[in-house]
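Student: I should like to learn how to read a structural model feature by feature. Could we proceed from the overall fold to individual residues?

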Amino acid sequence: MERNAFFDNAKVFLIFLVVFGHLIQPFISDSKSTEAIYIWIYTFHMPAFILLAGFFAKGSGNKKYIWNLMKKLIIPYFIFQTLYTIYYFFIGKADWQTGVFYPQWSLWFLFSLFSWHILLVLFKKIPAGWSITLSIFIGIIVGYFGEIGHSFSLSRTFVFFPFFLIGYWLTVNQVMLVKTRKVKLASIAVMVTMFALIYVFPVIDTGWLLASKSYSSLGVESFGGLVRLFVYVIAAVMTVSILAWIPKRNMGWITKLGTRTLYVYLLHGFIIQFLREFDLLAVNHWFDVVGIAGLAALIVVMLSSKPVLTISQPFIEGSLAKIKSFFNHRHKGTSS
């Protein structure tokens with residue numbers, strides 16, 4: 001599929017929000033505005049990211065594709081599960097011990113992404129409307145089972161799958177409908193209203209947005225399904241609102257960062273956990289949040305840089321191409 005600047009721009013913005021959200025998370029109980037920003041981001045940033053992942057899953061299904069997915073997602077999962085466990089031990093993180101299928105940090109996404117592609121083999125044989133409806137029904141039902149939780153990333157796999165499936169069924173033209181003037185104007189009202197409601201009534205348990213807990217653990221077992229359906233609606237409306245303002249034009253090096261978001265996603269946890277473990281950040285004023293936003297942008301750029309890509313490519317892609325290219329280029333430079 002030919003690269004479209006809109007999608008790369010969206011991925012850059014969303015990976016920035018992932019890093020920013022993780023940076024401010026320790027301070028949400030100290031500041032009402034920081035908590036509101038955090039919850040506001042979490043109403044849409046993972047659903048939107050997952051929808052884009054589904055959009056680029058058009059070739060899913062055949063055995064070769066699944067095997068390539070295993071090399072791209074499952075092998076890096078085991079590598080980084082090991083690396084994070086060792087890293088947590090050395091920085092003194094209390095809960096460094098965990099099972100191999102109990103994802104460390106944000107590695108759940110790799111496991112779930114692989115699972116979504118496997119589910120897609122079946123669901124794409126069902127008409128779009130019915131398949132999406134069925135996925136929403138499953139996403140609602142799993143919340144009633146306490147056994148379905150963080151292990152194997154099962155809860156998040158089923159809860160977020162509707163967004164992956166919607167992304168799969170969408171065409172470029174359908175996605176671009178969010179760029180109409182009416183949608184843009186409506187999206188401003190939606191985003192402002194949502195932030196105001198979250199700020200005034202911060203009653204949303206982030207467990208609903210993280211999608212890893214059962215209804216009983218969230219304290220609303222009897223009508224948890226209705227709450228999840230409501231959360232689905234909020235996520236869908238907010239996703240549309242955010243995508244409406246993503247630029248369509250190619251913005252040079254910024255757009256190019258959209259091709260490297262997996263590197264940022266897998267590597268940023270090492271920085272975040274170090275900052276958290278040694279209390280190197282603080283939020284005492286609104287400009288501290290602005291500063292952390294700047295730090296998040298810096299982390300995205302740094303982890304997308306050529307040196308980082310070269311060093312980490314063997315662990316993430318199982319390839320030595322960038323290292324070979326580096327040494328070949330250096331050899332040519334010295335021999336000329």
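Tutor: The discussion below moves from global descriptors to single residues. Please keep in mind that this is a predicted model.

Student: What does the secondary structure of the protein come to?

Tutor: The protein has 16 helices and 0 strands. Its radius of gyration is 20 Å, close to the 20 Å that the globule rule gives for 336 residues, so the protein is as compact as a globular protein of that length. Along the principal axes, the C-alpha atoms fill a box of roughly 70 × 50 × 45 Å.

Student: How should I read burial and surface at the level of the whole chain?

Tutor: Buried residues account for 46% of the 336 residues. The exposed area is about 17000 Å², and carbon and sulfur atoms supply 68% of it.

Student: Of the contacts between residues at least 6 apart in sequence, what share joins residues at least 24 apart?

Tutor: That share is 79%.

Student: How far apart are the mean positions of the positive and negative charges?

Tutor: They are 18 Å apart, for 28 positive and 12 negative charges.

Student: Which residues have the most contacts inside the largest nonpolar core?

Tutor: They are Trp-40, Met-46, Ile-50 and Trp-116, in a core of 100 residues. Helix H1 gives the most to this core, with 13 residues. Setting aside residues up to four places away in sequence, Met-46 touches Val-18, Trp-108, Phe-109, Phe-160 and Tyr-265.

Student: Is Phe-7, in helix H1, buried or exposed?

Tutor: A residue counts as buried under 20% relative accessible area. Phe-7 has a relative accessible area of 2%, and is therefore buried. Beyond its neighbours within four places in sequence, Phe-7 is in contact with Leu-52, Phe-55, Phe-56 and Val-175. Phe-7 and Ser-241 are separated by 234 residues in sequence, while their C-alpha atoms are 15 Å apart.

Student: Where is Lys-58 placed, and how is its accessibility to be read?

Tutor: Lys-58 sits in the loop between helix H3 (45–55) and H4. Its relative accessible area is 31%, so Lys-58 is classed as partly exposed. Lys-58 is 109 residues from Gly-167 in sequence and 9.4 Å from it in space, C-alpha to C-alpha.

Student: What should I look for in the backbone torsions?

Tutor: Most residues other than glycine have a negative phi. Against that background, Trp-105 has a phi near 50°, a positive value in a residue other than glycine. Trp-105 belongs to the loop between helix H4 (63–91) and helix H5 (108–123). With 17% relative accessibility, Trp-105 counts as buried.

Student: Where does Ala-211 lie, and what is its phi?

Tutor: Ala-211 is in the loop between helix H10 (206–210) and helix H11 (224–243). Its phi is near 65°, again positive in a residue other than glycine. Ala-211 has a relative accessible area of 0%, and is therefore buried.

Student: How does one read the buried positions along a helix?

Tutor: An α-helix has 3.6 residues a turn, so residues three or four places apart point the same way. In helix H15 (residues 306–316), the buried residues are Leu-309, Thr-310, Ser-312, Gln-313 and Ile-316.

Student: What phi does Gly-318 take, just after H15?

Tutor: Gly-318 takes a positive phi of about 65°.

Technical notes:
Residues are numbered from 1 along each chain as its sequence is written. This is a predicted model: local features need pLDDT of at least 70, side-chain atom pairs count only at pLDDT 80 or more; totals for chains, interfaces and linings use all residues. Side-chain values use heavy atoms; hydrogens and water are left out. Helices (H or I, at least four residues) and strands (E, at least two) are DSSP runs, numbered from the N terminus. The radius of gyration is taken over C-alpha atoms; the globule rule is 2.2 Å times the number of residues to the power 0.38. Buried means under 20% relative accessible area, exposed over 50%, partly exposed in between (1.4 Å probe, protein chains only). Contact means heavy atoms within 4.5 Å. Accessible areas come from the Shrake-Rupley method with a 1.4 Å probe; for residues, only the protein chains shown count as cover. Lys and Arg count as positive and Asp and Glu as negative; His and the chain ends are not counted. The place of a charge is taken as NZ of Lys, CZ of Arg, CG of Asp or CD of Glu. A nonpolar core is a set of buried Ala, Val, Leu, Ile, Met, Phe, Trp, Tyr and Cys residues joined through side-chain atoms within 4.5 Å.
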